[in-house]
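Reader: I've got the sequence and the model open side by side. Could you walk me through a few spots worth a look?

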Amino acid sequence: MVKNMKYTKAKLPDICTIKTGKHDANHANKEGKYRFYTCSNQYSMCDTYSFTGESVIVPGNGDIGLVFYYDGEFDAYQRTYVLSDIKILPKYLFYHLQLYWRNFNDQKKFGSTVKYVRMSNFTNYEISYPSIEEQQRIVAKIEELFSDLDNAVETLNATKAQLKVYKQAVLKNAFDGKLTNNGDPEIKELASFIEHPRYGTSKKCDYQNDIEAYTEVYRIPNIDASTGTLDRSDLKYAKFDENEIEKLSLKYGDILIIRSNGSPSIVGTAAMVREQDVSGLFAGYLIRIRISDHEKLSPKYLLRYLSSYDVRRYIENVSKSTSGVNNVNAQEIKKIKVPYFKKEIQDQIIYAIDSRLSAYENIEKTVNDALQQASAMRQSILKQAFEGRLL
């Protein structure tokens with residue numbers, strides 16, 4: 001806040017009307033005329049509208065940090081909150097929530113393992129705001145800086161898209177047998193190569209000081225999509241009995257797949273368990289794939305194939321939901337069609353892919369790091385704006 005500037009404090013219900021949508025997920029129609037906001041990170045379309053004018057839209061589950069602004073006619077899913085009839089500058093409220101909403105909700109205690117927003121979250125949210133003229137100045141400065149940042153992000157995303165096209169071209173040629181001139185593969189269901197997929201634990205995990213008494217648990221943040229490995233830098237722990245440890249244990253070559261997420265593009269993301277990872281167990285939003293015989297199907301071969309266009313398209317289609325929580329289950333995983341070659345040819349294909357994608361993956365990491373920095377910069381701009389350090 002700026003010293004000597006007069007601020008008014010209010011709870012959200014005092015400065016806007018808060019309602020939820022009335023429709024279920026089946027209300028979406030991709031041919032519809034109006035936006036249909038759900039708990040997903042992207043809006044759908046539908047044939048009706050229940051809201052109009054400047055509004056701030058907040059998903060009630062899925063990724064509870066998401067906040068949207070829209071000025072027009074739209075409709076909303078029944079677990080999505082719409083803030084309308086806003087008495088302050090709507091975009092001021094929008095940017096304020098973009099900065100503080102996720103952290104505000106992360107501090108709350110939720111009644112289940114699935115986080116969701118209640119009306120009380122809004123009732124308890126307090127906002128301080130200056131005069132309408134100062135609000136306009138703050139919003140104008142934010143959008144000026146965001147415009148430059150958005151241009152940089154657009155360039156980075158274009159580079160990332162080009163890299164993705166190259167990667168998928170390499171993978172397609174590899175699994176068609178063209179990269180190594182091995183002819184057409186035999187197509188088999190993944191079920192013929194694996195044990196029954198196992199879901200992870202729903203037990204609450206946390207950071208622990210007495211690590212010897214606990215077992216580490218891999219979660220969604222530990223799945224590093226860029227390398228296909230487990231990132232052990234942010235581990236949580238829980239206590240398990242011998243039976244639980246036996247069921248959820250990991251072996252070299254096991255593959256952990258994200259089975260549930262607010263973003264369809266993240267569902268199906270996979271990482272392979274290395275020797276240094278086998279001491280851990282895995283959480284409920286992950287599913288374990290264990291190959292029965294590594295001499296028949298190489299874990300590295302399968303890991304690469306899971307990131308191919310054909311598998312990504314299949315998983316996104318079967319998991320996509322307008323409710324904001326997208327899921328792929330064990331039966332759907334087992335039905336993945338695998339292009340099968342003999343083991344020695346699989347090894348040739350892995351080598352051919354790795355040799356062609358090593359440079360690509362280094363560039364991709366650089367781009368992803370830059371995008372993360374841009375996201376952090378966006379939050380920094382908002383923070384400085386609301387602390388009065390940009391004006």
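Author: Happy to, and let's start with the ring rule: rings of Phe, Tyr and Trp count as a pair if their centres lie within 6.5 Å. Keep in mind that this is a predicted model.

Reader: Good. Which residues form one aromatic cluster?

Author: Go by that ring rule, with centres within 6.5 Å for a pair. A search of the whole structure turns up 19 aromatic pairs. The cluster is made up of Tyr37, Tyr43, Phe51, Phe68, Tyr70 and Phe74.

Reader: Is the pair of Tyr92 and Phe386 stacked or edge-to-face?

Author: Tyr92 sits in helix H2 and Phe386 in helix H9, 294 residues apart, so to speak of distant parts of the chain is fair. Both Tyr92 and Phe386 are buried. Their ring centres are 5.1 Å apart with 75 degrees between the planes, and over 60 is the cut-off here. That makes the pair edge-to-face.

Reader: And why does the pair of Trp101 and Phe122 count as stacked?

Author: Trp101 is in helix H2 and Phe122 in helix H3, 21 residues apart, and both are buried. Their ring centres lie 4.9 Å apart. Stacked calls for planes under 30 degrees apart, and the pair is stacked because its planes are at 25 degrees.

Reader: What about charges over rings: which residue lies over the face of Phe146?

Author: There are a couple to show you. Lys188 lies over the face of Tyr340, at 4.7 Å from the ring centre. For Phe146 the distance from the ring centre is 4.6 Å, and the residue is Arg378.

Reader: On to pockets. Which element gives the largest share of the lining of the second largest pocket?

Author: This pocket has a volume of about 240 Å³ and is lined by 15 residues, with Lys172, Phe175, Asp176, Tyr305 and Asp310 nearest its centre. Helix H4 (132–175), helix H7 (309–319) and strand S22 (337–340) are the elements that give two or more residues to the lining. By class, the lining has 9 nonpolar, 2 polar and 4 charged residues. The largest share, 6 residues, comes from H4.

Reader: Now the open sheet of 4 strands: which strands stand at the edges?

Author: The order is S11-S20-S16-S18, with antiparallel pairing. S11 joins S20 by 2 bridges, with Arg198 opposite Arg288. An edge strand has a single partner strand, so one side is left without a neighbour in the sheet. The strands that fit are S11 (198–199) and S18 (270–272).

Reader: Strand S12 caught my eye. Which residue of S19 does Tyr218 stand opposite?

Author: Both faces of S12 are covered: Thr215 and Val217 on one side and Glu216 and Tyr218 on the other are all buried. S12 pairs with S15 in the antiparallel sense over 3 bridges, where the bridge partner of Glu216 is Tyr237. With S19, S12 pairs in the parallel sense over 2 bridges. There, the residue opposite Tyr218 is Phe282.

Reader: Last one: how does Ala370 count by accessibility?

Author: Ala370 is found in helix H9. Its C-alpha atom is separated by 8.5 Å from that of Val153, 217 residues away along the chain. Buried would need under 20% relative accessible area and exposed over 50%. At 22%, Ala370 therefore counts as partly exposed.

Note on methods. Residues numbered from 1 in each chain as written. Predicted model: local features only at pLDDT ≥ 70, side-chain atom pairs only at ≥ 80, totals over all residues. Heavy atoms only, no water. 1 Å grid on protein atoms, 1.4 Å probe; cavity = no way out; pocket = protein on both sides within 12 Å on 5 of 7 lines; lining within 4 Å. Points joined across faces, edges and corners; volume = space filled by probe spheres on them. Nonpolar A, V, L, I, M, F, W, Y, C, P; charged D, E, K, R; others polar. Phe/Tyr/Trp six-rings, centres within 6.5 Å; stacked < 30°, edge-to-face > 60°. Buried < 20%, exposed > 50% of the residue type's maximum accessible area, 1.4 Å probe, protein only. Lys NZ or Arg CZ within 6 Å of the ring centre and 35° of its normal. Pairing = 2+ DSSP bridges.
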